[in-house]
Amino acid sequence: LKGQKAKPMDSTFFTWVLLGGAFISVYGQSENTTSTTMITTNSTTNSTSTQPEANSTMTTTEPSTITTSKTTATPSTTTGCPLLWKPLEDKCYKLSNKKANIQGAKDDCQKQQAKLASVTSKEIDDLINSLGEPHREEGDEDGITIGAMQADNEGDWAWQDGSPWGYENWSGGEPNDHQGVEDCAEIVLNVHDRQLEPGYWNDVGCFKFNHFVCSKPRGRM
């Protein structure tokens, strides 16, 4: 290894020598003392960082969205009536799927923003008769409760929703207010053992459990 020799001296010496791209540092003290040689390499180290190639394709799957819907009675775009309601003129009509006395029927209609149906024309009468036809065929029902009620003073009838009284379709001999307790009305579906005519009206006790018909203006939820 060729380099520059340090000259003996009484003091500390320090010499750098460039040889073959390396710095040689010679450090020592006075003559006849042991010198120390330090070699520092001043070279550039090229390091290559190798990362494995991603040969696979990462697929991100978006979480599926589950939409639940609650079935509600929304107006039809063509009839203005909720689902399962039948339109006629400016109102919608629906036959109940359960039986109730007059108070239960009124409450159920009110929950649907409706009232017991007022039968103010033959067209409405015919519609309600058609709604009850399945029960007439099965023979399981006496009649369908409508919104006609007799006033407390006996004799005067009125519609629950305030519609004017005019059209009537009582069965022969009705209303007879049997035993003074028949203050509500039904459209007769099945005569059974009664002296009545199917499709006509009969006065009944307001405690009687029947299917019933609600009505409300078109466009109402």
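**Long-range contacts, cores and ring clusters in a predicted model**

Contacts here (heavy atoms within 4.5 Å) lean towards the long range: of those in the chain with a separation of 6 or more, 61% join residues 24 or more positions apart. The structure is a predicted model, so local features need pLDDT of at least 70 and side-chain atom pairs count only at pLDDT 80 or more, while totals for chains, interfaces and linings use all residues. Residues are numbered from 1 along each chain as its sequence is written, and side-chain values use heavy atoms, with hydrogens and water left out.

As for the overall layout, the chain has three helices and 11 strands, taken as DSSP runs numbered from the N terminus (helices H or I, at least four residues; strands E, at least two). Their order along the sequence is β-β-β-β-β-α-β-α-α-β-β-β-β-β. Of the 221 residues in the chain, 35% are buried; buried stands for under 20% relative accessible area, exposed for over 50%, and partly exposed for anything in between (1.4 Å probe, protein chains only). The accessible surface of the chain is about 14600 Å², and carbon and sulfur atoms hold 50% of that. These areas come from the Shrake-Rupley method with a 1.4 Å probe, and for residues only the protein chains shown count as cover.

Next, the interior. The largest nonpolar core (a set of buried Ala, Val, Leu, Ile, Met, Phe, Trp, Tyr and Cys residues joined through side-chain atoms within 4.5 Å) contains 20 residues, and Tyr 93, Val 119, Ile 128, Ile 146, Trp 201 and Val 213 have the most contacts inside it. At least two residues of this core come from each of strand 5 (91–95), helix 2 (122–131), strand 7 (143–150), strand 8 (157–159) and strand 9 (184–188). The top contributor is helix 2, with four residues. Ile 146 shows how the pieces meet: setting aside neighbours within four places in sequence, its contacts include Ile 102, Leu 116, Val 119, Ile 128, Trp 159, Ile 187 and Trp 201. A separate core of 13 residues lies apart from this one, with Ala 105, Cys 109, Cys 184 and Cys 214 among its members.

Helix 1 (residues 102–111) has a clear inside: Ile 102, Ala 105, Asp 108 and Cys 109 are buried. These four sit on the same side of helix 1 because they cover an arc of only 130° around the axis, the arc being that of the directions from the helix axis to the C-beta atoms. The buried residues of helix 1 pack against strand 6 (115–116), strand 7, strand 9 and strand 11. On the face turned away from the buried side are the exposed residues Gln 110 and Lys 111. Just after helix 1, Gln 113 has a positive phi of about 55°.

Salt bridges (a side-chain nitrogen of Lys or Arg within 4 Å of a carboxyl oxygen of Asp or Glu) number seven in the structure. In helix 2, Asp 126 pairs with Lys 122 at 2.9 Å, N to O; the two are four residues apart, and therefore separated by about one helical turn. Asp 126 is partly exposed at 40% relative accessible area, and Lys 122 is partly exposed at 47%. Helix 3 (residues 133–138) has a pair with a spacing of three residues, Glu 133 and Arg 136, whose closest N and O atoms are 2.7 Å apart. Here Glu 133 is partly exposed, at 30%, whereas Arg 136 is buried, at 18%. Lys 208 and Asp 142 form a salt bridge at 3.1 Å, N to O. Lys 208 is in the loop between strand 10 (201–204) and strand 11 (211–217) and Asp 142 in the loop between helix 3 and strand 7, so this pair ties together parts 66 residues apart in sequence. Both belong to a salt-bridge network with Glu 186 and Arg 194.

The aromatic residues give six pairs, counted when ring centres of Phe, Tyr and Trp (its six-membered ring) lie within 6.5 Å, with planes under 30 degrees apart called stacked, over 60 edge-to-face and the rest tilted. Tyr 167 and Trp 201 are edge-to-face, 5.8 Å centre to centre with 70° between the planes. This pair links Tyr 167, in the loop between strand 8 and strand 9, to Trp 201 in strand 10, 34 residues apart. Tyr 167 is partly exposed at 23%, while Trp 201 is buried at 0%. Trp 170 and Trp 201 are also edge-to-face, at 5.4 Å and 80°. Trp 157, Trp 159, Trp 165, Tyr 167, Trp 170 and Trp 201 make up one aromatic cluster.
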